[in-house]
Amino acid sequence: MQYRISNRAASLAPSLTLAIDSKAKQMKAEGQDVVGFGAGEPDFDTPQHIKDAAIKALNEGFTKYTASAGIPELRQAIADKCKRENGLSYKPSQIIVSDGGKHSCYNVMMATCQEGDEVIIPAPYWLSYPEMVKLAGANPVILPTTDKTEFKVTADQLRSAITVRTRLFILNSPSNPTGTAYTPDEVKALGDVCVDKGVLIMSDEIYEHLLYDGAVHKSVASFSPAHYEDTIIVHGFAKAWSMTGWRLGFLAAPEPIAKAIDAIQSHSTSNPVSFAQKGAVAALNGPQDHLKGWLAEYAKRRSYAWKKLNSIPGISCVNVRGAFYLFPKISSFGLSSTDFCAKLLEQEKVAAVPGIAFGADEYIRISYATSMANIEKGLDRLERFAKTLRK
């Protein structure tokens, strides 16, 4: 039988990060000594009080359907978090709980974009953004940046890219894949352009708690009522609470957009997992003292990895102030990022993600959300591999 695949599905590029992580895990299962730098996933366990809340919910039979936008208790906890930490006032009706931060991003595209619209995405970008834009029928417009500007797009760049078709600008700070964290002044300047031009902002703030060297997170929605009305915040529980497998995200949006997203979600996934939502309430309302230790460990790993990468001839790497990624430049070796990573995995059993997946073929992404022992071993192998390329 001949199967017809839709143009929408056929146009998509599979997730390279998931593919590489899957291959690395398969090699490990076969007994190979693989060091994985691919997954954007904390190596710390979910804090116990969060797990206990979900277990309690299970034991009490909280296993049925909930409202499609999430349980009222969690939506209120998210609204309280936005007020407490970001100075933003949202009603629970403006909060939508989803099946992960990725799902929140997808819902935003589906609710706000249509055929012919343009979505401006700074590169390097999280690899799913352009594909989600395509799924919504819109066109991704890529704004390239380099390590020379710390991978930051300027207000002038953004202004020059906006056309009558521009519907949305995606801001991700701190950033996956680069670790870049915009300053509050830089965030405001980008927001000012969008307000002036009548462009919506999708502000992906899932790494807001992972900051170093005194970096400060300030949401673009917080600068004025106009910024607030033009911003959709997407977020999730994966990174700051190590709840990647729980698949819980959330967004905060102007009420008409939130209502549209709720309708979309009601016809696609229905509600997020019931008992997981109880764990999320505990994550937001419970103690946050785990984060201090995590950040200290991440900072130590970041410092070691950054220094080690820059000590390897042919590799240069900008230091970062957020998330848990480094984005070293490897173009001096004359290989595409895909070939570089394929050879690195084959020869040295080190899994990294090619920069081409993020719209930047001169780089690779290294996640330091793994143990210091793995970082030391993996970067020693990378150094040995780089030496073979320079002979």
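## Contacts and burial

Of the contacts in the protein with a separation of 6 or more, 76% are made by residues 24 or more positions apart. The structure is a predicted model. Of the 391 residues in the protein, 54% are buried, that is, under 20% relative accessible area.

## Overall fold and dimensions

There are 14 helices and twelve strands in the protein. The C-alpha trace spans about 60 × 60 × 55 Å along its principal axes.

The radius of gyration of the protein is 21 Å. A compact globule with 391 residues would have a value near 21 Å, so the two agree.

## Surface and charge

The exposed area of the protein is about 16,700 Å². Carbon and sulfur atoms supply 52% of this area.

Positive side chains number 44 and negative side chains 41. The centres of the two sets lie 2 Å apart.

## Helix α14

Helix α14 covers residues 372–389, which is 18 residues. At 1.5 Å a residue the helix should span 26 Å, and its end C-alpha atoms are 26 Å apart, so the expected span and the model agree.

The buried residues of α14 are M372, I375, G378, L379, R381, L382, E383, F385 and A386. The charged side chains R381 and E383 are thus listed with I375, L379, L382 and F385 as buried. Among the elements that cover the buried residues of α14 are two helices, α12 (290–311) and α13 (337–348), and two strands, β1 (35–36) and β10 (350–351).

Note on methods: Residues are numbered from 1 along each chain as its sequence is written. This is a predicted model: local features need pLDDT of at least 70, side-chain atom pairs count only at pLDDT 80 or more; totals for chains, interfaces and linings use all residues. Side-chain values use heavy atoms; hydrogens and water are left out. Helices (H or I, at least four residues) and strands (E, at least two) are DSSP runs, numbered from the N terminus. The radius of gyration is taken over C-alpha atoms; the globule rule is 2.2 Å times the number of residues to the power 0.38. Buried means under 20% relative accessible area, exposed over 50%, partly exposed in between (1.4 Å probe, protein chains only). Contact means heavy atoms within 4.5 Å. Accessible areas come from the Shrake-Rupley method with a 1.4 Å probe; for residues, only the protein chains shown count as cover. The place of a charge is taken as NZ of Lys, CZ of Arg, CG of Asp or CD of Glu. The expected span of a helix is 1.5 Å times one less than its number of residues.
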